[in-house]
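Colleague: I have a new model open and would like to practise reading it with you. Could we go through it feature by feature?

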Amino acid sequence: MKELYASLETSPEPPLPSEVKRLLVIHNPIAGRRRRHRYAAYLEALRAHGLLLEELPTTCRGDAERQARDIACGPGDMIVAAGGDGTINEVVNGLMHNRQVGRDRPLAILPLGTANVLAAEIGLRRDLDSIVDYITKGRPRRIALGRVGERYFITMAGVGFDAHVVAAVDEMLKRRLGKLAYVTRLLQQLRTYDFPTYQAIIEGRNFPASSIIVTNGRFYAGRLLLAPEASLEEEALKVVLFQRKGVWHALKYAAALLFGLLPRLSDVRQLSAQRLRLEGPPGDPLQADGDLVGQLPANVELVPAALPLLMPHAPR
(Lines give C-alpha, C1' and ligand atoms only; values in the text may rest on other atoms or scores of the structure.)
Protein backbone atom coordinates (compact mmCIF):
# COMPACT_ATOMS: atom_id res chain seq x y z
CA MET A 1 0.00 0.00 0.00
CA LYS A 2 2.85 2.41 0.80
CA GLU A 3 4.32 1.77 -2.63
CA LEU A 4 0.99 2.61 -4.26
CA TYR A 5 0.73 5.88 -2.32
CA ALA A 6 4.29 6.79 -3.25
CA SER A 7 3.55 6.27 -6.93
CA LEU A 8 0.42 8.42 -6.67
CA GLU A 9 2.32 11.23 -4.99
CA THR A 10 4.78 11.47 -7.86
CA SER A 11 2.23 11.09 -10.67
CA PRO A 12 2.16 14.12 -13.00
CA GLU A 13 -1.01 16.09 -13.53
CA PRO A 14 -3.03 14.11 -16.09
CA PRO A 15 -3.78 15.90 -19.34
CA LEU A 16 -7.33 16.52 -20.45
CA PRO A 17 -8.55 14.02 -23.03
CA SER A 18 -7.42 15.51 -26.32
CA GLU A 19 -10.19 17.63 -27.83
CA VAL A 20 -12.86 16.70 -25.30
CA LYS A 21 -15.91 15.75 -27.33
CA ARG A 22 -18.09 13.57 -25.12
CA LEU A 23 -19.17 13.83 -21.51
CA LEU A 24 -20.13 10.66 -19.66
CA VAL A 25 -22.58 12.11 -17.13
CA ILE A 26 -23.50 10.06 -14.07
CA HIS A 27 -26.61 11.65 -12.54
CA ASN A 28 -29.64 11.04 -10.34
CA PRO A 29 -32.85 11.57 -12.37
CA ILE A 30 -35.03 11.42 -9.23
CA ALA A 31 -33.79 14.79 -7.91
CA GLY A 32 -36.30 17.59 -7.22
CA ARG A 33 -37.93 19.66 -9.95
CA ARG A 34 -35.66 22.70 -9.57
CA ARG A 35 -32.56 20.52 -9.76
CA ARG A 36 -33.89 18.69 -12.82
CA HIS A 37 -34.44 22.05 -14.54
CA ARG A 38 -30.94 23.21 -13.65
CA TYR A 39 -29.46 19.92 -14.83
CA ALA A 40 -31.33 20.17 -18.17
CA ALA A 41 -30.11 23.75 -18.60
CA TYR A 42 -26.50 22.66 -17.99
CA LEU A 43 -26.76 19.93 -20.61
CA GLU A 44 -28.39 22.22 -23.15
CA ALA A 45 -25.64 24.82 -22.69
CA LEU A 46 -22.90 22.20 -23.03
CA ARG A 47 -24.48 20.73 -26.15
CA ALA A 48 -24.64 24.23 -27.62
CA HIS A 49 -20.84 24.29 -27.35
CA GLY A 50 -20.52 21.20 -29.50
CA LEU A 51 -20.11 18.59 -26.77
CA LEU A 52 -21.74 15.18 -27.03
CA LEU A 53 -23.33 13.84 -23.87
CA GLU A 54 -24.00 10.29 -22.77
CA GLU A 55 -26.20 10.22 -19.68
CA LEU A 56 -25.75 7.40 -17.18
CA PRO A 57 -28.76 7.69 -14.84
CA THR A 58 -28.88 6.06 -11.44
CA THR A 59 -31.88 4.28 -9.96
CA CYS A 60 -30.93 3.74 -6.30
CA ARG A 61 -28.24 4.41 -3.70
CA GLY A 62 -24.95 2.83 -4.78
CA ASP A 63 -25.77 3.05 -8.49
CA ALA A 64 -23.45 6.00 -9.09
CA GLU A 65 -20.58 4.04 -7.56
CA ARG A 66 -21.33 1.02 -9.75
CA GLN A 67 -21.58 3.19 -12.86
CA ALA A 68 -18.19 4.77 -12.15
CA ARG A 69 -16.57 1.45 -11.28
CA ASP A 70 -17.68 -0.11 -14.57
CA ILE A 71 -17.29 2.91 -16.86
CA ALA A 72 -15.03 2.66 -19.90
CA CYS A 73 -13.66 5.83 -21.51
CA GLY A 74 -12.39 6.37 -25.02
CA PRO A 75 -10.33 9.21 -26.51
CA GLY A 76 -12.02 12.55 -25.98
CA ASP A 77 -14.28 11.33 -23.14
CA MET A 78 -14.62 13.07 -19.78
CA ILE A 79 -16.39 11.69 -16.68
CA VAL A 80 -18.89 14.05 -15.03
CA ALA A 81 -20.63 13.55 -11.68
CA ALA A 82 -23.89 15.52 -11.65
CA GLY A 83 -25.47 15.82 -8.22
CA GLY A 84 -24.73 16.66 -4.62
CA ASP A 85 -21.74 15.75 -2.50
CA GLY A 86 -23.21 12.28 -1.83
CA THR A 87 -23.46 11.47 -5.54
CA ILE A 88 -19.96 12.80 -6.16
CA ASN A 89 -18.70 10.70 -3.25
CA GLU A 90 -20.20 7.57 -4.82
CA VAL A 91 -18.61 8.35 -8.19
CA VAL A 92 -15.22 8.92 -6.56
CA ASN A 93 -15.45 5.61 -4.69
CA GLY A 94 -16.29 3.84 -7.95
CA LEU A 95 -13.42 5.50 -9.80
CA MET A 96 -10.94 4.57 -7.07
CA HIS A 97 -11.73 0.93 -7.86
CA ASN A 98 -11.57 1.46 -11.63
CA ARG A 99 -7.84 1.31 -12.22
CA GLN A 100 -8.09 1.73 -15.99
CA VAL A 101 -9.94 5.04 -15.70
CA GLY A 102 -10.16 6.52 -12.22
CA ARG A 103 -6.58 7.51 -11.50
CA ASP A 104 -5.79 8.99 -14.91
CA ARG A 105 -9.05 10.34 -16.33
CA PRO A 106 -10.10 13.74 -14.93
CA LEU A 107 -13.41 13.94 -13.09
CA ALA A 108 -15.63 17.01 -13.50
CA ILE A 109 -18.69 17.90 -11.42
CA LEU A 110 -22.05 19.56 -12.01
CA PRO A 111 -23.18 20.83 -8.56
CA LEU A 112 -26.84 19.98 -8.01
CA GLY A 113 -26.99 19.17 -4.31
CA THR A 114 -28.09 20.72 -1.03
CA ALA A 115 -24.70 21.93 0.23
CA ASN A 116 -22.33 21.53 -2.76
CA VAL A 117 -19.26 21.64 -0.50
CA LEU A 118 -16.84 20.42 -3.18
CA ALA A 119 -18.03 23.10 -5.62
CA ALA A 120 -17.43 25.74 -2.94
CA GLU A 121 -14.00 24.27 -2.22
CA ILE A 122 -12.79 24.58 -5.82
CA GLY A 123 -14.52 27.94 -6.38
CA LEU A 124 -17.05 26.66 -8.92
CA ARG A 125 -20.12 28.87 -9.37
CA ARG A 126 -23.41 27.36 -10.53
CA ASP A 127 -24.49 29.80 -13.26
CA LEU A 128 -24.54 28.50 -16.83
CA ASP A 129 -21.60 30.57 -18.09
CA SER A 130 -19.39 29.40 -15.23
CA ILE A 131 -20.30 25.75 -15.77
CA VAL A 132 -19.60 25.90 -19.52
CA ASP A 133 -16.32 27.73 -18.89
CA TYR A 134 -15.36 25.12 -16.28
CA ILE A 135 -16.03 22.12 -18.52
CA THR A 136 -14.44 23.59 -21.64
CA LYS A 137 -11.48 25.46 -20.13
CA GLY A 138 -10.81 23.91 -16.72
CA ARG A 139 -7.58 22.07 -15.96
CA PRO A 140 -7.19 18.88 -13.88
CA ARG A 141 -5.23 18.75 -10.65
CA ARG A 142 -4.60 15.76 -8.46
CA ILE A 143 -6.37 15.98 -5.12
CA ALA A 144 -5.91 13.99 -1.94
CA LEU A 145 -8.76 11.92 -0.53
CA GLY A 146 -9.51 10.72 2.94
CA ARG A 147 -10.33 7.11 3.61
CA VAL A 148 -12.29 5.65 6.50
CA GLY A 149 -12.28 1.86 6.47
CA GLU A 150 -12.81 0.97 2.80
CA ARG A 151 -14.71 4.18 1.97
CA TYR A 152 -13.11 7.28 0.46
CA PHE A 153 -14.27 10.80 1.24
CA ILE A 154 -13.53 14.03 -0.59
CA THR A 155 -14.02 16.86 1.87
CA MET A 156 -14.74 15.58 5.38
CA ALA A 157 -15.79 12.87 7.82
CA GLY A 158 -17.29 13.41 11.25
CA VAL A 159 -18.41 11.77 14.49
CA GLY A 160 -20.51 13.19 17.28
CA PHE A 161 -23.31 15.71 17.03
CA ASP A 162 -23.13 16.34 13.26
CA ALA A 163 -23.05 12.62 12.48
CA HIS A 164 -26.18 12.10 14.59
CA VAL A 165 -27.92 14.92 12.70
CA VAL A 166 -26.96 13.33 9.37
CA ALA A 167 -28.21 9.95 10.62
CA ALA A 168 -31.59 11.50 11.46
CA VAL A 169 -32.17 13.07 8.02
CA ASP A 170 -33.89 10.79 5.52
CA GLU A 171 -33.64 11.26 1.75
CA MET A 172 -37.30 12.20 1.28
CA LEU A 173 -37.07 14.97 3.87
CA LYS A 174 -33.83 16.27 2.36
CA ARG A 175 -35.40 16.30 -1.11
CA ARG A 176 -38.41 18.28 0.13
CA LEU A 177 -36.72 20.74 2.47
CA GLY A 178 -33.08 20.95 1.35
CA LYS A 179 -30.86 22.52 4.03
CA LEU A 180 -33.92 23.10 6.22
CA ALA A 181 -34.09 19.32 6.73
CA TYR A 182 -30.76 19.47 8.57
CA VAL A 183 -31.90 22.44 10.66
CA THR A 184 -35.04 20.54 11.66
CA ARG A 185 -33.11 17.47 12.72
CA LEU A 186 -30.47 19.58 14.45
CA LEU A 187 -33.15 21.13 16.68
CA GLN A 188 -34.56 17.69 17.44
CA GLN A 189 -31.12 16.34 18.35
CA LEU A 190 -30.56 19.23 20.75
CA ARG A 191 -33.48 17.92 22.82
CA THR A 192 -32.36 14.29 22.96
CA TYR A 193 -28.59 14.07 22.31
CA ASP A 194 -26.55 13.13 25.41
CA PHE A 195 -23.16 14.51 24.23
CA PRO A 196 -20.82 11.56 24.89
CA THR A 197 -17.03 11.86 24.68
CA TYR A 198 -15.09 10.87 21.54
CA GLN A 199 -11.36 10.43 21.02
CA ALA A 200 -9.04 11.17 18.12
CA ILE A 201 -5.93 9.03 18.56
CA ILE A 202 -3.00 10.51 16.62
CA GLU A 203 0.49 8.98 16.84
CA GLY A 204 -0.40 7.35 20.12
CA ARG A 205 -1.80 10.50 21.73
CA ASN A 206 -5.45 10.68 22.78
CA PHE A 207 -7.37 13.91 22.07
CA PRO A 208 -10.88 13.92 23.64
CA ALA A 209 -13.74 16.00 22.24
CA SER A 210 -17.53 16.24 22.16
CA SER A 211 -17.48 16.09 18.33
CA ILE A 212 -14.70 15.57 15.78
CA ILE A 213 -14.56 16.51 12.11
CA VAL A 214 -11.68 15.29 9.93
CA THR A 215 -11.51 17.54 6.90
CA ASN A 216 -9.71 17.73 3.59
CA GLY A 217 -11.12 21.17 2.79
CA ARG A 218 -11.91 24.55 4.26
CA PHE A 219 -15.70 24.51 4.15
CA TYR A 220 -18.58 22.77 5.90
CA ALA A 221 -22.24 22.49 4.79
CA GLY A 222 -21.68 24.79 1.81
CA ARG A 223 -19.47 27.82 2.36
CA LEU A 224 -19.25 27.81 6.16
CA LEU A 225 -15.59 28.23 7.10
CA LEU A 226 -14.38 25.27 9.16
CA ALA A 227 -10.62 24.89 8.64
CA PRO A 228 -9.04 27.81 6.75
CA GLU A 229 -5.67 26.09 6.34
CA ALA A 230 -7.04 22.86 4.86
CA SER A 231 -6.58 22.08 1.17
CA LEU A 232 -7.59 19.31 -1.22
CA GLU A 233 -3.97 19.19 -2.38
CA GLU A 234 -2.30 19.12 1.06
CA GLU A 235 -0.52 16.06 2.40
CA ALA A 236 -2.32 16.13 5.74
CA LEU A 237 -5.88 16.05 7.01
CA LYS A 238 -7.10 18.68 9.45
CA VAL A 239 -8.68 17.29 12.63
CA VAL A 240 -11.15 19.74 14.19
CA LEU A 241 -11.92 19.02 17.86
CA PHE A 242 -15.01 20.57 19.44
CA GLN A 243 -13.91 20.31 23.05
CA ARG A 244 -16.91 21.44 25.11
CA LYS A 245 -20.15 19.51 25.73
CA GLY A 246 -23.78 20.49 26.04
CA VAL A 247 -26.59 22.29 24.27
CA TRP A 248 -25.18 25.77 24.90
CA HIS A 249 -21.81 24.91 23.39
CA ALA A 250 -23.42 23.15 20.40
CA LEU A 251 -25.43 26.31 19.69
CA LYS A 252 -22.29 28.43 20.14
CA TYR A 253 -20.38 26.30 17.63
CA ALA A 254 -23.26 26.48 15.14
CA ALA A 255 -23.45 30.28 15.44
CA ALA A 256 -19.67 30.61 15.08
CA LEU A 257 -19.82 28.53 11.89
CA LEU A 258 -22.60 30.70 10.46
CA PHE A 259 -20.65 33.91 11.08
CA GLY A 260 -17.22 32.60 10.06
CA LEU A 261 -15.84 32.78 13.60
CA LEU A 262 -15.26 29.11 14.40
CA PRO A 263 -11.45 29.16 13.92
CA ARG A 264 -11.24 31.93 16.54
CA LEU A 265 -12.84 29.94 19.36
CA SER A 266 -10.40 28.84 22.06
CA ASP A 267 -12.29 25.58 22.70
CA VAL A 268 -12.11 24.47 19.05
CA ARG A 269 -8.73 22.86 18.43
CA GLN A 270 -7.29 22.02 15.02
CA LEU A 271 -4.56 19.42 14.45
CA SER A 272 -2.92 17.91 11.38
CA ALA A 273 -2.59 14.18 10.75
CA GLN A 274 -2.01 11.75 7.92
CA ARG A 275 -3.76 8.97 9.83
CA LEU A 276 -5.74 8.66 13.04
CA ARG A 277 -8.22 6.48 14.89
CA LEU A 278 -11.66 7.67 15.96
CA GLU A 279 -13.20 6.12 19.05
CA GLY A 280 -16.32 6.68 21.10
CA PRO A 281 -19.51 4.79 21.93
CA PRO A 282 -19.24 1.53 19.91
CA GLY A 283 -21.59 1.57 16.93
CA ASP A 284 -21.99 5.36 16.93
CA PRO A 285 -22.56 6.72 13.41
CA LEU A 286 -19.79 8.12 11.24
CA GLN A 287 -20.63 10.41 8.33
CA ALA A 288 -18.53 11.35 5.31
CA ASP A 289 -19.40 13.96 2.70
CA GLY A 290 -22.85 14.25 4.28
CA ASP A 291 -23.83 10.57 4.19
CA LEU A 292 -23.50 7.76 6.72
CA VAL A 293 -20.56 5.51 5.85
CA GLY A 294 -19.81 3.49 8.98
CA GLN A 295 -19.65 3.18 12.74
CA LEU A 296 -17.15 3.64 15.52
CA PRO A 297 -14.42 2.72 16.08
CA ALA A 298 -12.83 3.64 12.75
CA ASN A 299 -9.43 4.28 11.22
CA VAL A 300 -9.00 7.36 9.01
CA GLU A 301 -6.09 8.06 6.68
CA LEU A 302 -5.02 10.40 3.89
CA VAL A 303 -4.58 9.07 0.36
CA PRO A 304 -2.34 11.66 -1.35
CA ALA A 305 -2.61 12.62 -5.04
CA ALA A 306 -5.40 10.09 -5.38
CA LEU A 307 -7.63 11.48 -8.11
CA PRO A 308 -7.47 14.07 -10.90
CA LEU A 309 -10.28 16.62 -10.47
CA LEU A 310 -11.12 19.28 -13.03
CA MET A 311 -10.63 22.76 -11.56
CA PRO A 312 -12.00 26.09 -12.81
CA HIS A 313 -9.40 27.80 -14.97
CA ALA A 314 -9.90 31.24 -13.40
CA PRO A 315 -8.28 32.02 -10.02
CA ARG A 316 -10.60 31.83 -7.01
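Colleague: Let me start with one side chain: does arginine 147 count as buried or exposed?

Modeller: Keep in mind as we go that this is a predicted model. Burial is read from relative accessible area, and under 20% means buried. Arginine 147 has 10% relative accessibility, so arginine 147 counts as buried. You will find arginine 147 in strand E5, which spans residues 139-148.

Colleague: Which side chains make polar contacts with arginine 147?

Modeller: One is the side chain of tyrosine 152, at 3.3 Å. Another is the side chain of glutamate 301, with a polar contact of 2.7 Å.

Colleague: Let's stay with E5. How many bridges join E5 to E18, and in which direction do the strands run?

Modeller: Nine bridges join the two strands, and they run antiparallel. To find your place along the pairing, take arginine 141: its bridge partner in E18 is leucine 309. E18 also pairs with strand E15 (residues 275-279), through four bridges and again antiparallel. There, leucine 276 stands opposite valine 300 of E18.

Colleague: How many residues of E18 are buried?

Modeller: E18 is mostly covered, with 13 of its 14 residues buried.

Colleague: Now E13. Which residues point one way from this strand, and which the other way?

Modeller: Leu237, Val239 and Leu241 point one way, while Lys238, Val240 and Phe242 point the other way. All of these are buried, on either face. That fits the count for the strand, where six of six residues are buried.

Colleague: Which strands are joined to E13 by bridges?

Modeller: Strand E10 (residues 211-215) is joined to E13 by five bridges, and this pair runs antiparallel. In that pairing, valine 214 stands opposite valine 239. E14 is joined to E13 by six bridges, also antiparallel, and here leucine 237 stands opposite alanine 273 of E14.

Colleague: On to helices. How many residues of helix H4 are buried?

Modeller: Helix H4 covers residues 85-95, and eleven of its eleven residues are buried. The buried set holds polar and charged side chains as well as nonpolar ones; among them are Asp85, Asn89, Glu90, Ile88 and Val91.

Colleague: How should I read aromatic pairs, and how many are there in the whole structure?

Modeller: A pair of aromatic rings is described by the distance of the centres and the angle of the planes. In this structure, a search finds four aromatic pairs. One of them joins tyrosine 193 and phenylalanine 195, edge-to-face, at 4.7 Å centre to centre with 75° between the planes. Both of these residues are buried. Ring pairs also link Phe161, Tyr193 and Phe195 into a cluster.

Colleague: I see Phe242 again in the list. What is the geometry of the pair that phenylalanine 242 and tyrosine 253 form?

Modeller: That pair is edge-to-face too, 5.1 Å centre to centre with 65° between the planes. Phenylalanine 242 lies in strand E13 and tyrosine 253 in helix H10, so the pair ties together parts that are eleven residues apart in sequence. Phenylalanine 242 is buried, with a relative accessible area of 6%, and tyrosine 253 is buried with a value of 6% as well.

Colleague: What should I look for in the backbone?

Modeller: Most residues other than glycine have a negative phi, and most peptide bonds are trans. Asparagine 116 has a positive phi, near 55°. Asparagine 116 sits in the loop between strand E4 and helix H5 and is buried, at 9% relative accessible area. Glutamate 203 also has a positive phi, near 50°, in the loop between strands E8 and E9. At 81% relative accessibility, glutamate 203 counts as exposed.

Colleague: Which residues are joined by a cis peptide bond?

Modeller: Leucine 296 and proline 297, with omega about 0°. Proline 297 lies in the loop between strands E17 and E18.

Colleague: Last one: which residues form a nonpolar patch on the surface?

Modeller: Leu258, Phe259 and Leu261 do, with about 350 Å² of accessible area together. Leucine 261 is in the loop between helix H10 and strand E14. With a relative accessible area of 36%, leucine 261 is partly exposed.

Technical notes
Residues are numbered from 1 along each chain as its sequence is written. This is a predicted model: local features need pLDDT of at least 70, side-chain atom pairs count only at pLDDT 80 or more; totals for chains, interfaces and linings use all residues. Side-chain values use heavy atoms; hydrogens and water are left out. Patches are made of residues with over 30% relative accessible area and no salt bridge: like charges are joined within 9 Å, nonpolar side chains (Val, Leu, Ile, Met, Phe, Trp, Tyr) within 5 Å. Accessible areas come from the Shrake-Rupley method with a 1.4 Å probe; for residues, only the protein chains shown count as cover. A salt bridge is a side-chain nitrogen of Lys or Arg within 4 Å of a carboxyl oxygen of Asp or Glu. Buried means under 20% relative accessible area, exposed over 50%, partly exposed in between (1.4 Å probe, protein chains only). Rings of Phe, Tyr and Trp (its six-membered ring) pair if their centres lie within 6.5 Å; planes under 30 degrees apart count as stacked, over 60 as edge-to-face and the rest as tilted. A polar contact is a pair of N or O atoms within 3.5 Å; within protein, one must be able to donate a hydrogen and the other to accept it, and residues adjacent in sequence count only if both atoms are side-chain atoms. Two strands pair if DSSP finds at least two bridges between them.
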